[in-house]
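Here's a structure to explore at your own pace. Have a look at it first, and then we'll walk through how its parts sit together.

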Amino acid sequence: MSHSPSQPGENQVCVIIGASHAAAQLATSLRQQGWSGSIRMIGDEGGLPYQRPPLSKAFLCGEKGADSLIIRPSAFYEKHQIEFIPGRVTAIDRAAKTLTLADGSEQHYDKLALCTGTRVIRLPIKGASLAGVHYLRTLADVEGIRRELPDTRRVVIIGGGYIGLETAASLRKQGIDVVVLEMAERVLQRVTAPQVSAFYQRMHSEAGVIIETSTMVAAFDGEQRVERVLCADGRSYAADMVIVGIGVRPNSELAEAAGLEIDNGIVVDEYCQTQDPDIVAAGDCANQWDPGSAQRRRLESVPNAVEQAKTAAATLCGEKIPQISLPWFWSDQYDLKLQMAGLNQGYDQVVIRGTADSGSSFAAFYFQQGQLIAADCVNRAPEFMLAKKLLGQKQTFDLTQLADEAIPVKQLMAELTASA
Amino acid sequence: MGRMTFIEHDGTRHEVEIEADKSLMQHAADNMVPGIDADCGGECACGTCHVIVDHQWFAKTGAINGNEKQMLEMTPEGAPTSRLACQIEVTDALDGLVVHLPEFQM
Ligand SMILES: Cc1cc2nc3c(=O)[nH]c(=O)nc-3n(C[C@H](O)[C@H](O)[C@H](O)COP(=O)(O)OP(=O)(O)OC[C@H]3O[C@@H](n4cnc5c(N)ncnc54)[C@H](O)[C@@H]3O)c2cc1C
Ligand code: FES
């Protein structure tokens, strides 16, 4: 009889901490890779993993119900023997290979996956605990917002990042008066070129949203409930509701307390492995080594969480698969679909195809020393597909071609990819 | 209960049972059909849920919106009956549906 190779995970337990995008994919990929042991997913949001992106989009607009957010139904997890344990992990004992949960119970693990994600940064200002002051990260957060919407006429949003702007669009569409207060000189400053920021500021003001940049919020004012937002320069804005979206922090304290290396998230190698050979990390909480750019990067996006989860699952099954996927992201506001590919940090030139100053469709291509590094495409799906293709092949080419709308994207695709 | 068939590029067939109120992409995901990445979770933003519908079924898969059309036009393995699986709402009318998967998703 021939010897059958042992299956990965035989008689072992893999525990996943967190139950969101990264965790859902990691559990699924473990089974696809043939992991035959137990899989336990521990999450502190009460239920199974759900899609977070619609929270500020279709779900906030009331176009989607909570049921439709679920990533996979419970029958899927049952069928593939993926156990979900509601609860919060409070400690990891790496020597004993046990976890302690908030209710005092313990869980043994042979392999551990950290998919703890991020949490919102809170505004530590006066009035922050008044009723009507909201954050937007979880289903429970948005259910809280939606419950109050029928009595809400005016909302002040703190922070002009993607989540703040998507929230502004979703509320404006429902006829609510919206003011966005942004500390920086322009919205989306951290993530896009000035042309793209200006475009979004224009689209929002055309929709009737007031955007105030270079504005510092000093306090929230009201009796029981928030009534006004006070700014450092003395201005104030009336509000029935405030939604704060000023960024997130990685949930890395658990790993840190267990002695794992932390630096803007949980430090992992290109295979999503921590310094502990039995522990991987994936998703928003992981700061991953990128051999291509020879630096670490921590991304906050669903595609990144999914790709890292696949890599981490392979690592746990004893297979080291390098990750080659391209970072990308999307954002929906009004009828504008923004699709971004690549990372634009360090760009020295922006080429615009179409026009950002009028209309509602253009693409911005970012270059560094003549090399395409990223693209932001607004209602330009073909350009997005082109960018994904070009970014994968790392080469320099004639920039003027990209800006020339007389050349159809299909032709650019044929010419620019053929010369590779 | 109706059934649908996904055929991978190498010919491997996957039969799945129709469940109400779910997109074709979600059917693939819930049945672990490989070859449909669905990076965006069905938001018509990634183009990685490309399927090629059997000719006779194409008309029954519903209308294609502008964004889907534009993405499909740029897909290297695109065909006249290409669709994004997340944009196909599955009903009992699709009992017997056959779709083919491309070799690569974009
Ligand atoms: C409103 C909104 C809109 C977004 N839109 C987009 C978009 O359009 N496109 C996009 O790509 N991305 C978007 N994102 C980002 C995307 O949702 C995240 O990148 C993604 O959720 C990361 O998944 P994750 O599994 O790594 O972490 P998370 O989703 O943060 O999940 C981590 C989970 O672990 C739990 N957890 C943490 N610690 C413990 C513990 N000790 N014990 C038990 N459980 C624990 C947390 O409660 C949480 O449920 C959006 C995010 C938000 C909030
Ligand atoms: S799942 Fe992303 S386009 Fe269909």
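In this predicted model, chain B and chain A bury about 2200 Å² between them, and 58% of that area is on carbon and sulfur atoms. Why quote an area at all? Because the size of an interface is often given as the accessible area lost when the parts come together. Counting residues instead, 22 from chain B are in contact with 32 from chain A. On the chain B side, the residues that lose the most area to chain A are M32(B), E43(B) and M74(B), which together make up 33% of what that side buries.

Let's zoom in on one spot in chain B. E89(B) sits in the loop between β4 (82-84) and β5 (98-100). What does E89(B) touch, once you skip residues up to four places away in sequence? The list is D21(B), K22(B), S23(B) and L94(B). P76(B) is another story: it is 13 residues from E89(B) in sequence, and their C-alpha atoms are 24 Å apart in space.

Now over to chain A. Its domain assignment gives domain 1 (13-119 + 250-316), domain 2 (122-246) and domain 3 (335-418). Take domains 2 and 3 of chain A: their C-alpha centres lie 31 Å apart. Even so, 11 residues of domain 2 are in contact with 17 residues of domain 3. Between them, these two domains bury about 1100 Å², with 62% of it on carbon and sulfur atoms.

Next up is ligand 1. Where does ligand 1 lie? Domain 1 and domain 2 of chain A both give residues to the shell around it, so ligand 1 lies between them. That shell has 35 residues, and the closest are S20(A), D44(A), E45(A), R52(A) and K57(A). Sorted by class, you get 15 nonpolar, 12 polar and eight charged residues.

Here are some polar contacts made by oxygen atoms of ligand 1:

| Partner in chain A | Part of the partner | Distance |
|---|---|---|
| R137(A) | N or O atom in the side chain | 2.8 Å |
| D284(A) | N or O atom in the side chain | 2.8 Å |
| T118(A) | polar backbone atom | 3.3 Å |

How much of ligand 1 does the protein bury? Taken alone, ligand 1 exposes 1000 Å², and the protein buries 96% of that. Four elements of chain A give two or more residues each to the shell: α1 (21-32), β2 (38-43), α7 (302-316) and β22 (328-333). Of these, α7(A) gives the most, with three residues.

Conventions: Residues are numbered from 1 along each chain as its sequence is written. Chains are lettered from A and ligands numbered from 1 in the order in which they are written. This is a predicted model: local features need pLDDT of at least 70, side-chain atom pairs count only at pLDDT 80 or more; totals for chains, interfaces and linings use all residues. Side-chain values use heavy atoms; hydrogens and water are left out. A residue is near a molecule or strand if one of its heavy atoms lies within 4 Å of it. A polar contact is a pair of N or O atoms within 3.5 Å; within protein, one must be able to donate a hydrogen and the other to accept it, and residues adjacent in sequence count only if both atoms are side-chain atoms. Accessible areas come from the Shrake-Rupley method with a 1.4 Å probe; for residues, only the protein chains shown count as cover. Ala, Val, Leu, Ile, Met, Phe, Trp, Tyr, Cys and Pro count as nonpolar, Asp, Glu, Lys and Arg as charged, and the others, Gly among them, as polar. Domain bounds come from an automatic or database domain assignment. Contact means heavy atoms within 4.5 Å. Buried area is the accessible area (1.4 Å probe) that two parts lose on being put together, summed over both.
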